[in-house]
Amino acid sequence: MNASIPIHRRLLSVALVCIAVIFAFLSQAPGGVPDKKKTCQVCGTHSSHDKPKTINIECKDVTAYLNSHPGSYAGPCAGVSGEKPPKP
């Protein structure tokens, strides 16, 4: 009879390894919560009579959006007027 490790300790070890493997797989799984760093805020209007509003777009699309929407700027809208915030 092998008395080196009691059965309850072996079962606990196996359970902890299984939990560790599950967490390892979950951390590698695609999807889930989207990466918030991939979106950027832009203050934009779609026409000259619209009030500006803050929108979230993919960061890689910010330059193209700003080029095609005059009066829009990177960052959240400073207020309800169409004025740009002062440059830092």
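Of the 88 residues in this protein, 16% count as buried, where buried means under 20% relative accessible area, exposed means over 50%, and partly exposed lies in between (1.4 Å probe, protein chains only). What you have open is a predicted model, in which local features need pLDDT of at least 70 and side-chain atom pairs count only at pLDDT 80 or more, while totals for chains, interfaces and linings use all residues. Residues are numbered from 1 along each chain as its sequence is written, and side-chain values use heavy atoms, with hydrogens and water left out.

**Start with the whole chain**

Show the cartoon and follow it from the N terminus: the pattern reads α-β-β-α-β. That gives 2 helices and 3 strands; both kinds of element are DSSP runs numbered from the N terminus, helices being H or I over at least four residues and strands E over at least two. Now switch on the surface. Its accessible area comes to about 7,600 Å², and 64% of this belongs to carbon and sulfur atoms; the areas come from the Shrake-Rupley method with a 1.4 Å probe, and for residues only the protein chains shown count as cover. As for contacts (heavy atoms within 4.5 Å), take those between residues at least 6 apart in sequence: 33% of them join residues at least 24 apart.

**Select residues 7–28**

This is helix α1, and L26 is found in it. Add side chains for L12, L16, I19, I22, F23 and L26, which make a nonpolar surface patch of about 640 Å². Patches are built from residues with over 30% relative accessible area and no salt bridge, with like charges joined within 9 Å and nonpolar side chains (Val, Leu, Ile, Met, Phe, Trp, Tyr) within 5 Å. Is L26 buried or exposed? L26 counts as exposed, because its relative accessibility is 58%.

**Move to the sheet**

Select the 3 strands, which form an open antiparallel sheet in the order β2-β1-β3. The strands β2 (53–58) and β3 (73–74) stand at the edges with a single partner strand each, so one side of each has no neighbour in the sheet. Two strands pair if DSSP finds at least two bridges between them. How many bridges join β1 and β2? There are 6, in the antiparallel sense. Strand β1 (residues 39–44) is joined to β3 by 2 bridges, again antiparallel.

Some pairs to pick out along the sheet:

- C40 stands opposite I57 in β2.
- V42 stands opposite A74 in β3.
- C43 has Y73 as its bridge partner in β3.

**Look at the nonpolar core**

Keep V42 selected and add I55, I57, V62 and Y65: these 5 residues are the largest nonpolar core. Such a core is a set of buried Ala, Val, Leu, Ile, Met, Phe, Trp, Tyr and Cys residues joined through side-chain atoms within 4.5 Å. Two or more of its residues come from each of β2 and α2 (62–68). In soluble globular proteins, nonpolar side chains tend to be buried together. Centre on I55 next: leaving aside neighbours within four places in sequence, I55 is in contact with C40, Q41, V42 and Y65.

**Step past β3 to C77**

C77 sits in the segment after β3. Which residues does C77 touch, apart from its neighbours within four places in sequence? They are C43, G44, P52, K53 and T54. Try a distance label to V42 as well: the C-alpha atoms of C77 and V42 are separated by 7.4 Å, with their positions 35 residues apart along the chain.

**Visit the loop at P70**

P70 is found in the loop between α2 and β3. P70 is exposed, because its relative accessible area is 70%. Its C-alpha atom is 8.4 Å from that of T45, a residue 25 places apart from P70 in sequence.

**Finish at the charged trio**

Select E58, K60 and D61, which are linked in a network of salt bridges. A salt bridge is a side-chain nitrogen of Lys or Arg within 4 Å of a carboxyl oxygen of Asp or Glu, and by this rule the count comes to 2. In one, the closest N and O atoms of K60 and E58 are 3.7 Å apart; in the other, those of K60 and D61 are 3.3 Å apart. Colour the trio by accessibility: K60 counts as exposed at 65%, E58 is partly exposed at 41%, and D61 is partly exposed at 33%.
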